[in-house]
2 protein chains.
Amino acid sequence: MSDPGSPDQPVRVVVIGADAAGMSAAHQALRTAASRGRHLRVTALERTERTSYSACGLPYLIAGEVAGADALVARTPAEHRAAGIDLRTGVLATGVDLDVRRVHAVGPDGGSLVVEYDELVLATGATPRIPSWAQADGGLVPGVAPVKTLDDGPAWDALLQEATADADRRGELVRAVIVGAGYIGVEMAEALLARDCEVHLLAPGGVLPGFEDPVRERMGAVLAASGVRVHAGRRADGLRRRADGRVAAVRAVDLELPADVVVLATGVQPRSALEIRGGSLPTGDLGAFAPDERQRLAPHVWAAGDCATVEHRLLRRRVFLPLGTHANKQGRVLGENLGGGAARSAGALGTAITRFRAGGHHLEVARTGLGEADARDAGFEPVALLTEGTTISGYLPAAPSAAVWVLADARSRRLLGVQIAGGEGAAKRIDTAAAVLWAEGSVDDLAQLDLAYAPPFATVWDVVQIAARRLADRI
Amino acid sequence: MSDPGSPDQPVRVVVIGADAAGMSAAHQALRTAASRGRHLRVTALERTERTSYSACGLPYLIAGEVAGADALVARTPAEHRAAGIDLRTGVLATGVDLDVRRVHAVGPDGGSLVVEYDELVLATGATPRIPSWAQADGGLVPGVAPVKTLDDGPAWDALLQEATADADRRGELVRAVIVGAGYIGVEMAEALLARDCEVHLLAPGGVLPGFEDPVRERMGAVLAASGVRVHAGRRADGLRRRADGRVAAVRAVDLELPADVVVLATGVQPRSALEIRGGSLPTGDLGAFAPDERQRLAPHVWAAGDCATVEHRLLRRRVFLPLGTHANKQGRVLGENLGGGAARSAGALGTAITRFRAGGHHLEVARTGLGEADARDAGFEPVALLTEGTTISGYLPAAPSAAVWVLADARSRRLLGVQIAGGEGAAKRIDTAAAVLWAEGSVDDLAQLDLAYAPPFATVWDVVQIAARRLADRI
């Protein structure tokens, strides 16, 4: 009998989920194995017909900024197959037998399938949270949809075309209600304004609940100034339907908002509901798989991406942070380990960014590290300060404004978090703060850094540095 | 007798030079002293009538993008005086007696002046290098000028108006020759194109000599595509003059370029030529003052800004890096120490940025850390790689391109330098690399950072990370 990994006996890798994490893992595993003379045979089971696409691009696709859904695809099924991966689309994995190393699945024809593995990769992603009031007859109420999978893009396009034709007949605008005011909610508000809708945004926890008040207030003001009706503190709890079954209105306790279309932007949860037999797999926040820093979950089982937790470098614990950046990074680490290498995931800082742009308004927001409450809960003694400045020299025409919120620990002076709200060019400055957080730097480090200055790019002390310096002076 | 610093006996601080470094020092000294109950009396001697302005803004002023020269002034003489500084403009300091603590100067009326000090701040700045061939009759040949002081702004405006009137009569464009192709040379090429000149750029060491080839080539190509005639390898060595004495042409060995106006962009040198008596002051590169990390030069003597060296954090030695960012930072540290605090200058990385924009072309360039030759000279084992990508998701319309050059040490994997050339939004990404260099991070740190991603802001792996990752894979 030959060794596992030899040409005669390739290691049988089965990947469940053929999006960012799974396919990053698969390709990296093949590359690493090849460089080490190891042999792998990779089978990927994907429940849809789509692979490796940018879900983050969906709002821009729906807005009409992207040529078409295919443009969001980084690698097609054919490309994965050409790279040597046995990709099986339309296959829904339903369970895993850990002791005999078998995956149970339902094939495209509805028949059941069993796939044996030597190493299993769980990369099942996340799934939108669908409120019960949005469901009827085993599906979603017509006119109501999330924004998560690639096929949601063309579906939204069709829905909006139909609703626009209806509204045109009435001589009105399409009435769109967005349920949830996080990243997707805000991005869809931009997209639906671009599609000439009248946009209502239900924001039960206010706009951008993951941000601090100065950022939230600025986003709320720009949304309102652009004509978005923000309903803060309102939680949707029901629908009214038309005679034909389509949505007619969204209810939020005593408020009823007429609606031709409803966006569900109520967050996601890990898709980790496989039936596990012959053992158990460690899980964390929201039931997400909780792998170790090598992305290993259990003997012969690995996990990466939106179905898995990620180590938060400041909190020093694993959290659920379903973002494409982490999925790609974790997938790569997983693949390297699977291919015979030794890689470790370096963790995350909670960095995120988005924008809202409509009718001459442009607000960018970004965050990295902790918010004030999280920092206090984690045992820090946080001190925060907000500073207003401009992204470029104030004497140049239309220098965009930037508000920078900085959080540091009063005892150690360690930088804990930065949030930014501002005009064009403001938000990507968050990366500088993220790099300081990465190295566990202090608020003084951020204030003293040698950053790039020329009048069209920054003020002589960059606004992020001014903000850090002002806070440093107060600690 | 009372203590120095008491209300009866304030410490007499004399500052020579009332621009960024000197005035940052003066104001910070007053703030720090006030917070500690110390009393200072600050006198500032300034040879011009201008204070605290953005010399970096001059090309944009000349281009017509800034409302006027006054817009470049951060703080006027009146504002300094209102803050309690005894500012004396039109006073040229000529010498210092270290043993008796006296500054010798020439006043506005030409009379000599002696000013006593307890603590002396040298913030005399830098002065353009003026080639001997550009001089005549004790001044510059008419039509030839540098771009350094605030008054150079209106002077250039007048010169260009006059030259344009002349050229209009001839039915031609103004012929401008820029001598030197560093930052100022490139920025003035943009400004003079904006003023409808025919622009020739003499680049003896090629375009942007402080950058690596991939950046230089891209800038050379964009300059040429925008109609700038780049004369690489050509060193100006003489002028031809008209009968009325004005410049008629610039000579570079066997080349003669007709010229209505000539920009001297041949670099600067520290203005450190005071006559020092009663001791000596330490100097470094190009004769710049070489203070310690507290900005202290000698007992009771301090120095900051473009007249002084700055500690290079990677080279671990003091270098001449005349930039406004360092002047401001050093001035602040100096002032804090002078006011009774204890601050240290954290040093520099050689971060710099500029752009060239004309006729639909837009190229941004930036650098931080070491070039390959400098790194080798410093004892590192440098490995470099160039990576091309885009600043935002490629499926969005007109995603700007970005070329990122990364340098790391093959032995330690330490990041040594990054350079970027690209479209809108590319160059300021250098700050992320600067933050990693600041913390002495590795090329792996830069590759793994948790940076901000959303389609309108970045690719899912930011182009800077892709570049770092690709180099990391090769070491």
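Student: In this predicted model, which hand does the crossing of H1(B) and H7(B) have?
Tutor: Take the two helices in chain B: H1 covers residues 20-35 and H7 covers residues 324-338. Their axes come within 7 Å and cross at roughly 30°. The hand of the H1(B) and H7(B) crossing is right-handed.

Student: How many charged residues are in the contact of H1(B) with H7(B)?
Tutor: H1(B) contributes residues including Ala21(B), Gln28(B) and Arg31(B). From H7(B) come, among them, Arg332(B), Leu334(B) and Glu336(B). By class, the contact has 7 nonpolar and 6 polar residues, and the number of charged ones is 3.

Student: What kind of axis relates chain B to chain A?
Tutor: Two copies of a chain are related by a rotation about an axis and a shift along it. Here chain B is laid on chain A by a turn of 180° and a shift of 0.0 Å along the axis, with an RMSD of 0.0 Å. That relation therefore belongs to a two-fold axis.

Student: What percentage of the contact residues of chain B recur in chain A?
Tutor: The same surface serves both copies. The recurring share of chain B's contact residues is 100%.

Student: Which residue of chain B comes closest to the rotation axis?
Tutor: Judge by C-alpha position. At 2.3 Å from the axis, the closest residue of chain B is Thr432(B).

Student: Which residues touch the most other members of the largest nonpolar core?
Tutor: That core has 82 residues. Leu446(A) touches residues including Leu415(A), Val436(A) and Ala468(A), leaving aside residues up to four places away in sequence. Touching the most other core members are Val418(A), Leu446(A), Val418(B) and Leu446(B).

Technical notes:
Residues numbered from 1 in each chain as written. Chains lettered and ligands numbered in written order. Predicted model: local features only at pLDDT ≥ 70, side-chain atom pairs only at ≥ 80, totals over all residues. Heavy atoms only, no water. Least-squares fit on C-alpha atoms with pLDDT ≥ 70 in both. Contact = heavy atoms within 4.5 Å. Axes fitted to C-alpha atoms, helices over the stretch in contact; angles between N-to-C directions. Helix = DSSP H or I, 4+ residues; strand = E, 2+ residues; numbered from the N terminus. Left-handed = near helix turned anticlockwise from the far one by under 90°. Nonpolar A, V, L, I, M, F, W, Y, C, P; charged D, E, K, R; others polar. Core = buried A, V, L, I, M, F, W, Y, C linked by side-chain atoms within 4.5 Å. Buried < 20%, exposed > 50% of the residue type's maximum accessible area, 1.4 Å probe, protein only.
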